[in-house]
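Student: I have this model open and would like a close look at a single part of it. Could you pick one and walk me through it?

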Amino acid sequence: MTALIELRGVEKHYGDYHALRGIDLEIRAGEFFSLLGPSGCGKTTLLRTIAGLEQVSSGSIRIDGRDMKGVAPNHRPTNMVFQSYAVFPHLTVAENVGFGLRRDPRAKSEKARAVEEALEMVGLAGYGRRRAHALSGGQRQRVALARASSSPRCLLLDEPLSALDRLMREQMQLELIRLQRQVGITFILVTHDQEEALVMSDRIAVMFEGEIGQLADPETLYRRPATRRVAQFIGKMNFLPGEVTRGGAGVEIEIAGLGRATLDPDQAPAGAASGAVSVGIRPETLAILFEGETAPRREVQGIIDEVVYYGDMTYYDVRIDGFDRPLTVSMKNLIGRPVLDVGAVARLAWDERALVLLPD
Ligand code: ATP
């Protein structure tokens with residue numbers, strides 16, 4: 001796939017504050033790309049520089065091969081959807097969607113058809129004559145999307161779902177994915193919600209303090225985080241101290257409380273191939289063994305320290321010998337499986353294939 005948007009060495013200063021620190025990034029044509037990170041990491045600033053709403057302090061932005069320096073937002077092939085759905089309440093739904101087409105040279109009837117198609121795409125066919133102020137929050141959101149999707153190449157979305165309740169939000173996530181596949185244009189989403197980014201994106205750039213910590217597809221980001229920081233930001237992870245006893249292909253490590261393990265090279269990112277390392281294990285890759293069950297790979301004994309019941313899942317903190325902090329284990333609450341009590345002895349199954357080494 002070709003790069004639609006290319007950023008090279010993009011820096012942004014607000015007075016003394018260094019908001020973007022040398023961002024190099026290529027966003028491909030037709031992909032769903034997310035900028036993910038904690039509050040204040042610079043993701044909105046980055047999106048606004050692409051839109052042309054902020055000037056970069058140095059570095060360059062090219063869209064479709066064209067340098068965007070000095071190009072005003074309304075002359076860029078991008079369109080922005082804001083947190084507060086910017087619909088005009090006094091206009092009808094069709095007038096709102098058609099607003100972006102007012103300078104479009106096409107005939108009136110053709111534009112009306114384009115508006116109707118855009119409304120159909122977001123599931124609002126037949127709503128054209130309604131006044132925007134009479135719509136629900138979710139419907140307004142869809143009007144804003146229908147309007148923005150008339151944009152030629154790229155839609156920029158700044159936390160577009162943050163004002164919605166959880167159910168509505170999950171529904172809109174799926175609708176947005178469908179919409180993006182239908183129209184085939186590039187979507188760039190800013191979000192601080194890791195689950196949202198994992199669900200929606202082809203690729204995700206995780207940002208911390210004006211820099212990109214890791215750029216990868218959702219599965220790689222989750223299974224093979226490059227740093228402890230990324231691992232902690234994307235879901236829950238246990239960390240144990242480890243020591244690399246043999247480097248190279250088939251890395252051998254000694255892990256506190258768990259013992260010796262051999263790993264594949266892709267489980268040890270650059271910088272974690274020797275010496276002291278952190279060993280990361282996701283809670284769902286550990287399992288408590290119930291009566292009659294045997295561990296498919298490795299097993300260690302522990303004592304349950306804490307139990308948190310979530311309905312579909314239970315989270316256990318389990319203490320094992322040789323490591324001073326409990327490991328968190330998540331278990332599905334299957335039929336016939338009891339919820340264990342604090343103090344119970346637990347056999348813990350683990351699998352070296354689920355480990356990831358991170359530089360200490
Ligand atoms: P959030 O999720 O809270 O919106 P963000 O990652 O989108 O966070 P930005 O809005 O990009 O963060 O802001 C990055 C940093 O730059 C913040 O520390 C912010 O205070 C600062 N900043 C943003 N805009 C300006 C401005 N116009 N003047 C001064 N500082 C700014």
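Tutor: Happy to; what follows looks closely at the largest nonpolar core and the parts that connect to it. Please keep in mind that this is a predicted model, so everything here is computed from predicted coordinates.

Let's get our bearings. The protein has eight helices and 20 strands, and its C-alpha trace spans about 75 × 50 × 35 Å along the principal axes. The domain assignment splits the protein into domain 1 (3-224) and domain 2 (236-359), with C-alpha centres 39 Å apart. Of the 360 residues, 36% are buried.

Now to the core itself. The largest nonpolar core has 93 residues, and Leu119, Val143, Ile188 and Leu348 are the ones with the most contacts inside it. Helix 4 (residues 137-148) supplies the largest share of this core, five residues. Both assigned domains take part: the core draws at least three residues from domain 1 (3-224) and at least three from domain 2 (236-359).

Which residues does Leu119 touch, leaving aside those up to four places away in sequence? They are Val93, Val97, Leu124, Ala125, Tyr127, Gly128 and Ala146. If you click on Leu119 in your viewer, these are the neighbours to look for.

Next, try Leu348, another of the residues with the most contacts inside the core. Leu348 sits in strand 19 (residues 345-350), on the covered face together with Ala346 and Trp350. The uncovered face of strand 19 carries Val345, Arg347 and Ala349.

What does strand 19 pair with? Strand 15 (residues 287-289) runs antiparallel to strand 19 and is joined to it by three bridges; Ala287, for instance, has Ala349 as its bridge partner. Strand 16 (residues 298-309) is also antiparallel to strand 19, with six bridges between them, and here Gln301 is partnered with Arg347. Thus Ala349 and Arg347, both on the uncovered face, serve as bridge partners to Ala287 and Gln301.

To place the core in the wider fold, consider the contacts between residues at least 6 apart in sequence: 66% of them join residues at least 24 apart.

One last stop is the ligand. Among the residues around the ligand are Tyr14, Tyr17, Lys43 and His192. Helix 1 (43-51) and strand 2 (17-28) each supply at least two residues of this shell, with helix 1 giving the largest share, three residues. By type, the shell divides into four nonpolar, seven polar and one charged.

How values were computed: Residues numbered from 1 in each chain as written. Predicted model: local features only at pLDDT ≥ 70, side-chain atom pairs only at ≥ 80, totals over all residues. Near = placed C-beta within 6 Å. Helix = DSSP H or I, 4+ residues; strand = E, 2+ residues; numbered from the N terminus. Nonpolar A, V, L, I, M, F, W, Y, C, P; charged D, E, K, R; others polar. Core = buried A, V, L, I, M, F, W, Y, C linked by C-beta atoms within 7 Å. Buried ≥ 20, exposed ≤ 12 C-beta atoms within 10 Å, placed from the backbone. Domains from an automatic or database assignment. Contact = placed C-beta atoms within 7 Å. Pairing = 2+ DSSP bridges.
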